[in-house]
Every structure is written in structure tokens, then in C-alpha cells.
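Please open the model in your viewer, colour the chain by secondary structure, and keep a selection tool at hand. The stops below say what to select next and what is to be found there.

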Amino acid sequence: MANQVMFFILAALILGSAVMCVATKRIMRAATFMLLVLFGVAGLYFLLDYTYLGAAQISVYAGGVTMIYVFAIQLVSKQTLQGMVERLKGSRVVFGALVTLVGLATVALVLLKNQFVYAACQQADVELPMDTVGQALLGAGKYQYILPFEFISVFLLACIIGGLMVARKNKE
């Protein structure tokens, strides 16, 4: 019962912060709300007793990626940020809502067609050992994720180099 209450609290935190991240007009507030979303996801990992994934979520995403965004925001000039305010037109809102509904219908169709929900309910009582999760994340075989993990590290390095280049151009 306590796990369900904690799940609903974390889900409300994640959903509320995600909506505020998208809805706010101030870029630093958006970065702060994104940080809250990432901490909420880490809380879900800790709730599932996946402490390694929770710690990795906090250190890599909540720490690293958010700091890269904040540094990039600080490096961009105020004149550039002032021109980023955009008014929403009615046709764009309708088009965005239509695309969202099509995406939601597609995801629901895939879930129902492949019976993911039924399979998840059947395996709800099965405990997944942490070594299996670790092998899946850092293994090099089929359906294992060492290659995307390395791509993420290269992406973070590219973000750091890009931030340095932006900072260097401003000084010249």
C-alpha cells in the first residue's frame, strides 16, 4: 500500500513538472522543472529497488544533462533569449492536438495489438534480479544496451565541446 501511495506521489510530481516545463516561458524555470522530472524518475527506480539505475539517473541525467542545459542557457546572450517568445496561433494548437491524438492512438493500438499490457499483468509477481538488469543494460549481445550507452556518452561530450565553442565565440 505504501508503494502505491509513493508511486502516485512520484507520478503526480513527474506529470506536474513535465507540464510546467513545457508551459513556462522562462527558460531557467523550464530547466528546474526538467530537473524535478528527472529526480521523480530516479525516485521510481528507487521505489522498484533498482538502486543502481536510480543513482545513475541522478548522476548522469539529473546532474550532468541538466548542468549542460543550464550552462548552455547561461552562455547564450540575453538578446537571443528575448526573441524566443512565440505566440500560439489557433491553427497551430489544433494541429498540435491532432498530432498528439494520432500519436496516442498509435501507441494504444501497438500496446493492444501486441498484448504488452496482458503480458505485464501476467508477470507482475515475478521479481527481476538486478544482475539481469545489469546484463541487459551493459551487455553487448542482442537486445542489450551498451552501444546506446556509449552513444549517450559521445553525445554528452559533443554537448560539452559545443558549449565551449559557443563560449569561445562570444569572447572574440
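Begin by selecting Phe 8, which is exposed in this predicted model, with a relative accessible area of 56%. Show Phe 7 beside it as well, since Phe 7 is partly exposed because its relative accessible area of 39% falls between the limits of 20% and 50%. With both side chains displayed as sticks, you will see that Phe 7 and Phe 8 make an edge-to-face aromatic pair, in which the ring centres lie 5.6 Å apart and the planes meet at 65°. A search of the whole structure finds 1 aromatic pair.

Now zoom out to take in the whole chain. The protein holds 8 helices and 0 strands, and from the N terminus on its elements read α-α-α-α-α-α-α-α. Of its 172 residues, 14% count as buried.

Next, select Leu 13, which is found in helix α1, the stretch covering residues 2–23. Leu 13 counts as partly exposed, at 33% relative accessibility. If you add Phe 33 and draw a distance between the two C-alpha atoms, the value is 9.7 Å, although Leu 13 and Phe 33 are 20 residues apart in sequence.

From there, select residues 27–47 as helix α2 and residues 51–75 as helix α3, and give each a colour of its own. How do these two helices pack, in terms of angle and axis distance? The angle between α2 and α3 is about 175°, and their axes are 8 Å apart. Angles over 145 degrees count as roughly antiparallel, so α2 is roughly antiparallel to α3. Showing the side chains where α2 meets α3 brings up a contact whose residues divide into 19 nonpolar, 5 polar and no charged.

Then move to the loop between α2 and α3, where Asp 49 lies. Most residues other than glycine have a negative phi. Asp 49, however, has a phi near 65°, a positive value in a residue that is not glycine. Asp 49 is also exposed, with a relative accessible area of 59%.

For the next stop, turn on a surface and look for the second largest pocket, which holds about 390 Å³ of space. Which residues are closest to the centre of this pocket? Of the 15 residues that line it, Leu 53, Tyr 61, Leu 137, Phe 149 and Ile 152 are the closest to its centre, and they make a convenient selection for centring the view. The elements that give two or more residues to the lining of the second largest pocket are α3, α7 (130–138) and α8 (146–171). Helix α3 gives the most to this lining, with 6 residues. If you colour the lining by residue class, it separates into 13 nonpolar, 2 polar and no charged residues.

Finally, follow helix α8 to Gly 163, which lies within it. At 21% relative accessibility, Gly 163 counts as partly exposed, because buried means under 20%. Add Ile 73 to the selection and draw the C-alpha to C-alpha distance, which is 9.6 Å, while Gly 163 and Ile 73 are 90 residues apart in sequence.

Definitions and conventions. Residues are numbered from 1 along each chain as its sequence is written. This is a predicted model: local features need pLDDT of at least 70, side-chain atom pairs count only at pLDDT 80 or more; totals for chains, interfaces and linings use all residues. Side-chain values use heavy atoms; hydrogens and water are left out. Axes are lines fitted to C-alpha atoms, for helices over the stretch in contact, and angles run from 0 to 180 degrees between N-to-C directions. Helices (H or I, at least four residues) and strands (E, at least two) are DSSP runs, numbered from the N terminus. Angles under 35 degrees count as roughly parallel, over 145 as roughly antiparallel, 65 to 115 as roughly perpendicular and the rest as oblique. Ala, Val, Leu, Ile, Met, Phe, Trp, Tyr, Cys and Pro count as nonpolar, Asp, Glu, Lys and Arg as charged, and the others, Gly among them, as polar. On a 1 Å grid over the protein atoms alone, a cavity is a set of points where a 1.4 Å probe fits but cannot get out, and a pocket is an open set with protein on both sides within 12 Å along at least five of seven lines; lining residues have an atom within 4 Å of a point. Grid points are joined across faces, edges and corners, and a volume is the space filled by probe spheres set on the points. Rings of Phe, Tyr and Trp (its six-membered ring) pair if their centres lie within 6.5 Å; planes under 30 degrees apart count as stacked, over 60 as edge-to-face and the rest as tilted. Buried means under 20% relative accessible area, exposed over 50%, partly exposed in between (1.4 Å probe, protein chains only).
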